[in-house]
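Please open the structure in a viewer and keep the selection tool at hand. The tour proceeds stop by stop, stating what to select and what is found there.

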Amino acid sequence: MSEPAAEQLQVYRASLLHFTADPALDENATAWHEDGLLIISQGRVHAAGDYAALRATLPEGTLIHDYRGKLIMPGFIDTHIHYPQTDMIASAAPGLLPWLETYTFPTERRFFDPEHAREVASFFLDELVRCGTTTAMVYCTVHPSSVEAFFTESEARNMRMVAGKVMMDQHCPEFLRDTAESSARDSEELIKKWHKRGRQLYAITPRFAATSSEAQLQLAGELAATYPDTYVQTHLAENTEELAWIKSLYPTARSYLDVYDRHQLLRPRSMYAHCIWLDDTDRARMKATQSAVAICATSNLFLGSGLFDFARADAAQLHLSLGTDVGGGTSFSMLQTMNEAYKVARMGGTYLPALRMFYLATLGAARSMQLEGTIGNFVAGAEADFIVLDPRATPLLARRTARTNNLEEWLFVLALLGDDRAVAATYVAGKLAHEREG
């Protein structure tokens with residue numbers, strides 16, 4: 001195959017960071033080029049490495065975009081977020097269940113209106129790219145129109161997104177209730193229309209075990225078996241009150257996880273949010289089925305749900321990633337989410353290095369989603385979703401990063417003090433999607 005011509009390349013010079021493995025397990029996992037070059041061709045990574053080594057490979061006349069002084073890395077991947085909850089972010093409540101009843105369900109009611117759904121989806125996606133998030137696993141509402149609106153807006157932006165219609169046929173307001181049969185029928189129609197259409201992917205989405213009947217969970221499992229390359233996403237063991245409720249609804253189940261397992265919902269490409277109140281048997285079962293965890297530290301703290309146990313999750317060798325969980329989470333920023341995850345780890349007696357946090361927000365998430373090689377790092381052929389982070393975005397960031405001694409310290413400051421202002425630019429499939437003003 002011939003090398004691309006100069007006009008077919010987009011080339012960016014900056015410090016480069018990406019991962020080839022989990023830095024907690026492999027000391028060679030971090031690919032770091034202080035003076036690096038990222039070469040893009042036709043929306044995919046052509047090469048990434050040291051400027052000195054790659055400069056000579058460029059055709060004569062190739063334009064190099066100069067981002068020196070900044071960091072280029074793969075776009076962030078948020079593995080748990082609710083787009084309909086954008087307008088209720090930062091809503092106070094004494095706990096998860098009252099929060100759902102007081103704010104979540106009334107807010108989601110409006111998504112029967114396709115125009116409202118489209119407007120929120122547009123704002124939501126713009127906010128993601130402003131914060132450097134290029135892929136997310138997204139919950140819509142029970143309304144098929146909410147999924148149509150979301151995928152339509154995502155497709156127009158050519159973003160790699162995973163989303164699905166919430167399935168919910170019990171213990172919820174009548175105005176948000178579907179049936180086991182209608183939810184399966186609607187989900188299948190949406191799978192056929194949107195799954196693998198361009199960069200869109202579908203997730204079978206029972207909200208959580210309490211709001212789905214056994215019949216609905218059974219049909220969700222059958223859909224997952226019929227369409228094995230789709231995703232499954234739901235909530236698991238977030239809150240102790242929720243845990244007790246699930247036990248009363250499913251008294252013969254060994255655990256909350258077992259409710260999903262009985263309905264064949266544990267498998268590769270399944271993403272379980274929270275996973276705070278699990279035991280070692282649950283974790284072993286998740287490992288055996290390649291089911292993944294979305295750690296939602298921000299919302300867990302906000303709702304007082306509990307602290308994720310990093311040590312036990314790592315001992316079980318679980319696939320881990322980070323989710324903002326907007327609107328229980330209070331920020332779209334994955335940098336702010338790293339900030340909270342670090343604190344949760346410390347409260348549990350675990351230390352979470354900066355390199356590990358950035359891994360979890362990129363390649364760790366891609367691996368959890370079975371998308372390594374497609375997104376999450378800069379291997380040749382990967383889709384060119386990347387961000388430019390500015391360590392001098394604020395006076396405090398500039399002052400503090402100037403006083404760091406190594407990459408780990410530098411990234412730690414960026415994670416703890418950074419937010420959307422640190423994202424200088426976001427590129428989606430090789431095209432500029434956001435550039436910070438000024």
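A residue is called buried when its relative accessible area is under 20%, exposed when it is over 50%, and partly exposed in between, using a 1.4 Å probe and protein chains only. The model is predicted, so local features need pLDDT of at least 70 and side-chain atom pairs count only at pLDDT 80 or more, while totals for chains, interfaces and linings use all residues. Residues are numbered from 1 along each chain as its sequence is written, and side-chain values use heavy atoms, with hydrogens and water left out.

**Stop 1: two buried residues**

Select I40, in strand β2 (residues 30-41). Helices (H or I, at least four residues) and strands (E, at least two) are DSSP runs, numbered from the N terminus. I40 counts as buried because its relative accessibility is 0%. Now add V11 to the selection: its C-alpha is 6.2 Å from that of I40, although 29 residues separate the two in sequence.

Next, select G418, in the loop between α16 (407-417) and β15 (423-428). Is G418 buried or exposed? With a relative accessibility of 0%, G418 counts as buried. Display M338 as well; the C-alpha atoms of G418 and M338 are 9.7 Å apart, and the two residues are 80 apart along the chain.

**Stop 2: two pairs of helices**

Two packed helices are described by the angle between their axes and the distance between the axes. Here the axes are lines fitted to C-alpha atoms, for helices over the stretch in contact, and angles run from 0 to 180 degrees between N-to-C directions.

Select helix α3 (residues 114-130) together with helix α4 (residues 144-157): their axes come within 8 Å and cross at roughly 40°. That angle makes α3 oblique to α4. In this scheme, angles under 35 degrees count as roughly parallel, over 145 as roughly antiparallel, 65 to 115 as roughly perpendicular, and the rest as oblique. The crossing of α3 and α4 is right-handed. A crossing is right-handed if the near helix is turned clockwise from the far one by less than a right angle, and left-handed if anticlockwise.

Move on to helix α5 (residues 180-194) and helix α6 (residues 214-226), whose axes come within 9 Å and cross at roughly 20°. That makes α5 roughly parallel to α6. This crossing of α5 and α6 is also right-handed.

**Stop 3: salt bridges**

Side chains of opposite charge can pair when their charged atoms come close. A salt bridge is a side-chain nitrogen of Lys or Arg within 4 Å of a carboxyl oxygen of Asp or Glu. How many salt bridges does this rule give? The count comes to 29.

Select R207 and E108, whose side chains form a salt bridge with an N to O distance of 2.8 Å. The pair links distant parts of the chain, for R207 is in the loop between β9 (200-206) and α6, E108 is in helix α2 (residues 96-109), and the two are 99 residues apart. Both R207 and E108 are buried.

Then select D178 and K165, a salt bridge in which the closest N and O atoms are 2.7 Å apart. D178 lies in the loop between β8 (166-167) and α5, and K165 in the loop between β7 (160-164) and β8, so the pair ties together parts that are 13 residues apart in sequence. D178 is buried at 9% relative accessible area, and K165 is buried at 0%.

For a third pair, select D309 and R312, where the closest N and O atoms of the salt bridge are 3.8 Å apart. D309 is partly exposed, at 27% relative accessible area, and R312 is partly exposed, at 42%. Finally, select E115, R118, D126, E153 and R157, which are linked in a network of salt bridges.

**Stop 4: details of the backbone**

Select V326 and G327: the peptide bond from V326 to G327 is cis, with omega near 5°. G327 is in the loop between β13 (319-322) and α12 (334-347).

Go next to N158, in the loop between α4 and β7. N158 is not a glycine, yet its phi is positive, near 60°. N158 counts as partly exposed, with 37% relative accessibility.

A429 also has a positive phi, about 50°, although it is not a glycine. This residue, A429, is in the loop between β15 and β16 (431-435) and counts as buried at 14% relative accessibility.
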